[in-house]
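Student: Got a minute to go through a structure with me? I'd like to talk about how its parts are put together.

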Number of protein chains: 2
Amino acid sequence: IAEGDSGHVKELVSPLHEADVGALIELLDHEERPRLVELMGDEFDFAALTEIGETTREEILEELPVATLAEAMRELESDDAVAILETLEPEEQAQVLEALPAQERIVLRRSLEAAEGTAGRLMQTTLIAVPPFWSAGEVLDFFRATEPDELPDNFFEVFVVDPAYRLLGTVFLDALVRAHPKTRVEEIMQADRRRVQFDEDTEEVARLFERYNLVSVPVVDEAERLVGVITIDDVVDVIQEAASEEIKALGGVSPDEELTDSFWWIVKSRFLWLLINLGTAFISASVLKTFESQLQQMVALAVLAPIVASQGGNSATQTMTVTVRALATRELSRSNALRIIMRELATGAFNGAAFGLLTGLVAANWFQTFGLGPVMALAMFTNLAAGALGGILVPMLLERWKVDPAVASGSFVTTVTDVVGYGSFLTIATLWFRLG
Amino acid sequence: IAEGDSGHVKELVSPLHEADVGALIELLDHEERPRLVELMGDEFDFAALTEIGETTREEILEELPVATLAEAMRELESDDAVAILETLEPEEQAQVLEALPAQERIVLRRSLEAAEGTAGRLMQTTLIAVPPFWSAGEVLDFFRATEPDELPDNFFEVFVVDPAYRLLGTVFLDALVRAHPKTRVEEIMQADRRRVQFDEDTEEVARLFERYNLVSVPVVDEAERLVGVITIDDVVDVIQEAASEEIKALGGVSPDEELTDSFWWIVKSRFLWLLINLGTAFISASVLKTFESQLQQMVALAVLAPIVASQGGNSATQTMTVTVRALATRELSRSNALRIIMRELATGAFNGAAFGLLTGLVAANWFQTFGLGPVMALAMFTNLAAGALGGILVPMLLERWKVDPAVASGSFVTTVTDVVGYGSFLTIATLWFRLG
C-alpha cells in the first residue's frame with residue numbers, strides 16, 4: 001500500500017476509528033509510518049497518534065514539518081494536542097506554538113506548564129460556560145447558533161460562571177432539556193459539584209471519579225476560576241496506567257518500561273533492579289556462610305534451609321501484596337490498620353504452625369533424623385510469623401516515608417525472610433544437635 | 001448517635017453522598033449497621049449498600065424485612081438493584097422479586113439470569129428509546145412531558161429502535177439540542193455505534209471502552225434487540241477489579257480475597273497457595289539432595305547455590321510480570337510475540353553474562369578458590385537465560401491453554417529457575433572440581 005498511492009490509502013484508512021489507525025501504525029515498518037501520515041494529508045486524524053506508544057510517536061513527529069503539526073494542533077481537542085506537544089523537543093514545541101493563533105497558544109501553553117501527572121495536564125479546555133441569568137431556552141438557542149467546530153466534540157454539561165469566570169455550578173444537558181425554557185440556569189444548576197484544583201495529582205482525581213461515580217469534573221485555579229474539565233475517558237487511562245505501574249513495580253520492573261521499548265533500554269533498567277537483588281542475595285548468603293562448619297557436619301541442613309526461606313518469602317509476599325494493594329486503593333487507613341496487622345500476624349502464626357508441623361514430619365522422615373522435625377517446625381513458625389510482620393510493616397512504613405511501597409517492598413521483605421529463615425533454622429539446629 | 005434518635009440521625013446522614021454513607025457504615029459496629037438503616041427509614045439511600053464490601057452488605061441485608069427491600073429495589077437504578085439482589089440468599093431473593101410489580105420483576109430477573117461477569121449483569125435497563133421517525137423537537141417535548149422518576153437519573157443519549165425494539169442507532173443529547181427541531185432523529189443518529197452482546201464478558205466490554213474512549217455502550221440480545229446500556233462509571237469498577245485480581249494472583253493471593261474478609265477465610269485461602277509453593281520448594285530441595293556428597297566435600301557450594309537460584313528467579317519474575325501484563329492488556333499478540341520472545345531472551349542472556357562475570361569475581365575472591373569463578377559465571381548465565389525463556393513461554397502457554405497466566409505462572413517459573421539454578425551450578429561444579 002505504501003507505494004505512494006495516496007488516493008487508495010485514504011480510501012482504506014479514512015473510515016477507520018482513530019484507535020484502529022493507531023494500531024495500524026504500530027504494525028507498519030519504521031519508514032512507512034511517517035509516510036502514511038504524509039499520504040493521508042488533510043485526512044489524517046492526529047488523534048490516532050495519542051493511541052500509540054511514546055517511542056513510536058516521537059519517531060513519527062520528528063519527520064513531520066512544523067506547519068503540518070500546527071495545523072493538526074488546531075483541529076485536535078486540547079487534551080489530545082497537549083499529549084502530542086509534550087512528546088516534542090522543546091525547540092520544536094516552541095515553533096509549533098508560535099505558528100498557532102494567540103488564543104490557542106495561551107491555552108495550550110498553560111496546560112503544558114502544568115506539571116506532568118497533574119489535573120492541568122489531563123484537562124480539556126474546550127468547554128461551554130454561561131452566565132447564571134441565562135434561561136434554559138437561551139442556552140439551547142446558543143448551541144444552535146454556534147458553529148459546530150467552536151463547541152466540544154461531545155459534551156454533557158454546561159458550566160455556570162460569574163463575570164470573573166469563577167465556577168458557580170454546572171447543569172447537565174438532561175436537566176437542561178427537561179427544564180421549562182424560561183427557567184434561569186442558576187435555578188437548575190448543581191452548585192455543590194465536586195471540583196479539582198489545577199495542580200491536583202491525577203491519581204487523586206481518579207480516586208474521586210471512582211468514589212463518587214463521576215463522569216466529569218471541572219478544574220479550577222487558586223482563585224476558583226474555571227480553567228478546564230476532566231472527563232472520565234481520560235481518567236480510565238490514568239487508572240489503567242496506575243495499575244500497570246503497580247504490577248510492574250511489584251515484579252521488579254521499572255514502572256516506565258513499555259513493551260515497545262528497545263533492547264538496550266530494557267537491559268539497563270532490568271540490570272539495576274537485579275543488582276539490588278544481588279546485594280540482598282549476598283546478605284542472605286553471608287548468613288549461610290557463618291554456619292559453614294555446621295553445614296559441613298550435617299549436609300541435610302543445606303538441603304532444608306532453602307525450604308524454610310522460600311516458604312517464609314512466599315507467605316510474606318502474600319501479606320505484602322494485599323498491603324500494597326490496600327494502600328493504593330486507600331482501603332487501608334489509620335482506622336483499620338491495627339486490626340489488619342493483628343489479623344495478618346495471626347494468619348502468619350497459624351499457617352506457620354501448620355506448615356511447621358507438616359514440614360517437620362516430612363523432614364524427619366526424609367533424612368531419617370528425628371531431631372530435624374522439631375528444628376524445622378520451630379524455624380518455619382518463626383519465619384512465617386516474621387514474614388507476616390515484615391509483609392505488612394515494610395509497605396506501611398515506606399508509605400509513611402513517602403516512598404512508593406510497590407517499588408521498594410519486595411526486596412526488603414524477601415531479605416527479611418531469607419535472613420530470618422536461614423538464621424533461625426541454623427541457630428536452632430546448632431543448639432539442638434550441639435553443633436558448632 | 002445510634003441511641004435511637006431517628007430525627008437527629010436523618011439530619012446528619014441525609015445530606016451525605018451515597019459513597020460517604022457507605023464509608024460511614026463500614027466504620028460502625030456490626031450491630032449498629034442495620035440499626036442505622038432502620039433509623040433512616042425512607043430517607044436511607046440503598047445505593048450506599050453498593051459502595052461497601054460484600055460481607056458487610058450480606059450482614060445488613062439479612063436483618064432487613066422483605067417489604068423494606070422490595071420498596072428499596074423500586075427506587076434504585078436497575079444495576080444497583082441487581083448488585084444488591086445478587087447478595088441475597090435465593091429464597092429471600094425470590095420473595096423480594098415477588099413483592100415487586102411485574103414489569104420491574106421481569107427486568108431484574110433477566111439481569112439476574114445473566115451469568116456473573118457478563119454485560120447482562122452490569123447493564124442498566126432504565127433507558128430512553130424512540131422510533132426513527134420522531135423529530136428532535138418531539139423527543140425534547142417527550143422529556144419535558146415525562147415524570148422525572150420514569151427517566152434515568154442522568155442520561156446522555158437516546159436510543160433509536162424499530163417496532164421490534166431492534167437497535168438502529170443512538171443520538172447524543174448534544175447532537176439533539178443542536179439539531180433543528182423538525183429534523184428526524186434517524187437523520188442525526190449514529191447508526192454504526194459499537195454495541196455489545198448480552199452475554200459478553202465484562203472485561204472484554206471494558207477493553208472496548210478503553211480502546212475507543214466510549215462513555216456508554218448499548219447492550220443487545222441475539223436478535224439485536226436493545227436490552228440495556230452500560231455506562232463508563234460501571235466499567236471503571238470492572239477495570240479496577242481486574243487490576244486488583246491480577247496483582248493479587250501474581251502475589252500468590254486468591255483473587256477473591258478482600259481486606260474485610262474474616263481470619264479463617266484468609267487462613268484457608270493462603271494455606272492452599274502456600275501448600276503448592278511447599279511442593280515446588282521440595283522439588284528444588286530434592287535437586288540439592290542428589291548433590292549431597294558434593295555439598296559435603298565443598299560447603300562453599302551450599303552457600304553460593306541459593307544466589308544463583310535467587311538471581312534467576314528475580315530475572316524470570318521480571319520477564320513474567322511484563323508478559324502477564326502485556327497479555328492482560330492485549331498488547332502482546334501473535335504479530336509481535338516472536339520479536340518480544342527474542343528480545344527477552346537476548347536481555348536474559350546479556351544480563352546473565354554480566355552478572356555471571358560479576359558474581360564469578362566475587363565468589364572466587366570470597367572463598368579464595370579460583371575455580372568457583374568460572375563455575376558461578378557459567379551457571380548464572382545458564383539460569384538467567386533459562387529464566388527469561390520460562391518467564392515468557394510459561395504465561396503464553398497458559399494463556400493458550402485458557403488458564404489465567406497471572407494465577408499460575410509464578411510457581412512454575414520460580415520452580416524452573418530453582419531447579420535449573422541448583423542443577424546447573426552443582427553439575428558444573430562437580431565436573432570442574434571432579435567431585436562426586
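Tutor: Sure, we can take the interface, then the symmetry, then the domains; keep in mind that this is a predicted model.

Student: How many residues does the contact take from chain B and from chain A?

Tutor: Chain B puts in 109 residues and chain A 108 residues.

Student: And what area is buried between chain B and chain A?

Tutor: About 9,900 Å², with 66% of that coming from carbon and sulfur atoms.

Student: How many salt bridges does the rule find across the interface?

Tutor: Four between chain B and chain A. One of them joins the side chains of Asp20(A) and Arg211(B), at 2.6 Å from N to O. For polar contacts, the count between chain B and chain A is 28 residue pairs, both residues at pLDDT 80 or more.

Student: Which helix gives the most to chain B's side?

Tutor: Helix H15 of chain B, residues 263-290, which contributes 17 residues to the side touching chain A. By residue class, that side of chain B splits into 59 nonpolar, 25 polar and 25 charged.

Student: Symmetry next. What turn lays chain B on chain A?

Tutor: A turn of 180 degrees, with a shift of 0.0 Å along the axis and an RMSD of 0.1 Å. That is how a two-fold axis relates copies. Both copies use the same surface, as 99% of the contact residues of chain B recur in chain A.

Student: Changing topic: where do the domains of chain A fall?

Tutor: The assignment gives domain 1 at 6-116, domain 2 at 129-250 and domain 3 at 263-432. Between the C-alpha centres of domain 1 and domain 3 of chain A there are 50 Å.

Definitions and conventions. Residues numbered from 1 in each chain as written. Chains lettered and ligands numbered in written order. Predicted model: local features only at pLDDT ≥ 70, side-chain atom pairs only at ≥ 80, totals over all residues. Heavy atoms only, no water. Domains from an automatic or database assignment. Contact = heavy atoms within 4.5 Å. Buried area = accessible area lost by both parts, 1.4 Å probe. Polar contact = N/O pair within 3.5 Å; in protein donor to acceptor, adjacent residues only side chain to side chain. Helix = DSSP H or I, 4+ residues; strand = E, 2+ residues; numbered from the N terminus. Nonpolar A, V, L, I, M, F, W, Y, C, P; charged D, E, K, R; others polar. Least-squares fit on C-alpha atoms with pLDDT ≥ 70 in both.
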